[in-house]
Structure formats: structure tokens, C-alpha cells
Amino acid sequence: MGTSTLEFVCTGIENGGVFPIENTGRGQDMSPEFILKNLSPQAETLAITLEDLSHPIKSFTHWLIWNIPAANEIRGGIPAGGRVRELDGACQGIGYGFHRYAGPKPPKGKTHTYRFTVYALDCKIKLSAHTRKRRFLKKATPHILQRGSITANFE
């Protein structure tokens, strides 16, 4: 199965731009809203990762969430928890945020680049909330219909 590009907008965050303070560890540390533009009708669920591309640990995971019901909009401010009741039991795995969104917070005076990746999948992925990104991607890869990414910076 081929993977096509998923186009999306992160409200307040332009691709190649700068994170607004409310979406960072120096602000309210709340996840942004995502507006999907060309979601496949075959998509059953969505997943999102946030990675720090500048971290000494390559592609350091700040956030991992999967089994979000497929929709053209994912509201911002997703609450913490291994299972998110408000998103039909979507699962937040292990990242810097431990079962929650953890926005950018690089060392003072350093600018880091971060990448959001949104995945559209053809099924729910059955994994524990103690799952990390690598294990999630191994299980999810055969089910990915679409994938899209944006990057932004924060100091």
C-alpha cells in the first residue's frame, strides 16, 4: 500500500515558522489545533508525533498520540492521560511528556527545530500507553495511508 501526503495546518504555527508561546513549555504547554485538508475517506484513525530535531538524542520525541478518530479537525489542548476519553480513548504513549503533550522548551539561548507529523491510518492500533515512538511506528507502518509533516522553531 502506498503512502500519500497528508496536508494539514497547525493553527498558529506556520511551516518553517516559530511556535507561539502557548504551545511551548514556557507557556501553557497546550497542543495546537490541527486542520486536515485532504484526509483519505479510508482513514479510520489519526496519530501525531512531535519531535525535537535539534536534540542531541536524534529526533527526540516530545509527544506521541494515536487512535484519534479520523476527522478533518483535531482540537487543541488535548488533556493528559494514557487514554484520552474526549478523543474516544485515543492513546498517548511515552515521550518527553509521559502521556501528554510536551511542547518545545530548549535550553535558554538555543533555538531548536521541531517537527509535527500527522498520520492517517486504516485501523486502530492496539498498543499499551507505555509504548514509545519506534514501537508504535513498527506496528503502524503497514496501516499508514497518509503522512504529512511541518517544522517550526522555538528558542
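**Chatting about H112, the cores and the cysteines**

Mentor: Skipping neighbours within four places in sequence, H112 is in contact (heavy atoms within 4.5 Å) with D52, S54, H55, P106, P107, A152, N153 and F154. Bear in mind that this is a predicted model, where local features need pLDDT of at least 70, side-chain atom pairs count only at pLDDT 80 or more, and totals for chains, interfaces and linings use all residues. Residues are numbered from 1 along each chain as its sequence is written, and side-chain values use heavy atoms, leaving out hydrogens and water.

Trainee: Is H112 buried or exposed?

Mentor: H112 is buried, at 10% relative accessibility. Buried means under 20% relative accessible area, exposed over 50%, and partly exposed in between, using a 1.4 Å probe and protein chains only.

Trainee: OK, new topic. How many disulfides are there?

Mentor: Zero, from a search of the whole structure. A disulfide here is a pair of cysteine sulfur atoms within 2.5 Å.

Trainee: Why no bond for C91?

Mentor: Because the closest cysteine sulfur, in C123, is 14 Å from the sulfur of C91, which is too far. C91 is buried, with a relative accessible area of 0%, and C123 also counts as buried, at 17%.

Trainee: And how many residues are in the largest nonpolar core?

Mentor: It has 29, and F19, F34, L36, I48, W63, I65 and F116 have the most contacts inside it. Such a core is a set of buried Ala, Val, Leu, Ile, Met, Phe, Trp, Tyr and Cys residues joined through side-chain atoms within 4.5 Å. Apart from it lies another core of 13 residues, including L127 and F136.
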